[in-house]
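This briefing walks through a few local features of the structure shown below, grouped by topic.

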Amino acid sequence: MFGLGKDEEHISPLDANGVALAAIQGLHELSQVQAARIGDLETVNREQADGIEVLSEVSQEQAA
């Protein structure tokens, strides 16, 4: 089917290692993308928290 062994029921150890390495590389790339996205979201969250703090201070000043 995939041409990874001597027949359709077997896979050679070398081919299995190659498949595992490809999977690891794919997961590593995915984790890098997710880490970058998390960093972006943390930045947005921090900016929003700062904005909320400023608005809260202004609201308290106006209430006084």
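**Helix 1 and its surroundings**

Glu57 is located in helix 1, which covers residues 13–63, and Val54 has its place in helix 1 as well. The model is a predicted one, and the points below concern a charged patch, a residue in the segment before helix 1, and a spacing along the chain.

*Negative patch*
- Glu57 belongs to a negative surface patch, whose members are Glu47, Asp50, Glu53, Glu57 and Glu61.
- Because its relative accessibility is 40%, which lies between the limits of 20% for buried and 50% for exposed residues, Glu57 is classed as partly exposed.

*Segment before helix 1*
- Ser12 is placed in the segment before helix 1, where its side chain makes a polar contact, at 3.0 Å, with the side chain of Asp15.
- With a relative accessibility of 26%, Ser12 counts as partly exposed, since buried would require a value under 20%.

*Val54 and spacing along the chain*
- Val54, a residue of helix 1, has a relative accessibility of 47% and therefore counts as partly exposed, given that exposed applies to values over 50%.
- Between the C-alpha atoms of Val54 and Ala35, two residues that are 19 residues apart along the chain, the separation is 29 Å.

Key: Residues numbered from 1 in each chain as written. Predicted model: local features only at pLDDT ≥ 70, side-chain atom pairs only at ≥ 80, totals over all residues. Heavy atoms only, no water. Patch = residues over 30% accessible without salt bridge, like charges linked within 9 Å, V, L, I, M, F, W, Y side chains within 5 Å. Areas by Shrake-Rupley, 256 points an atom, 1.4 Å probe, with all protein chains shown as cover. Salt bridge = Lys/Arg side-chain N within 4 Å of Asp/Glu carboxyl O. Lys, Arg positive; Asp, Glu negative; His and termini not counted. Charge placed at Lys NZ, Arg CZ, Asp CG, Glu CD. Helix = DSSP H or I, 4+ residues; strand = E, 2+ residues; numbered from the N terminus. Buried < 20%, exposed > 50% of the residue type's maximum accessible area, 1.4 Å probe, protein only. Polar contact = N/O pair within 3.5 Å; in protein donor to acceptor, adjacent residues only side chain to side chain.
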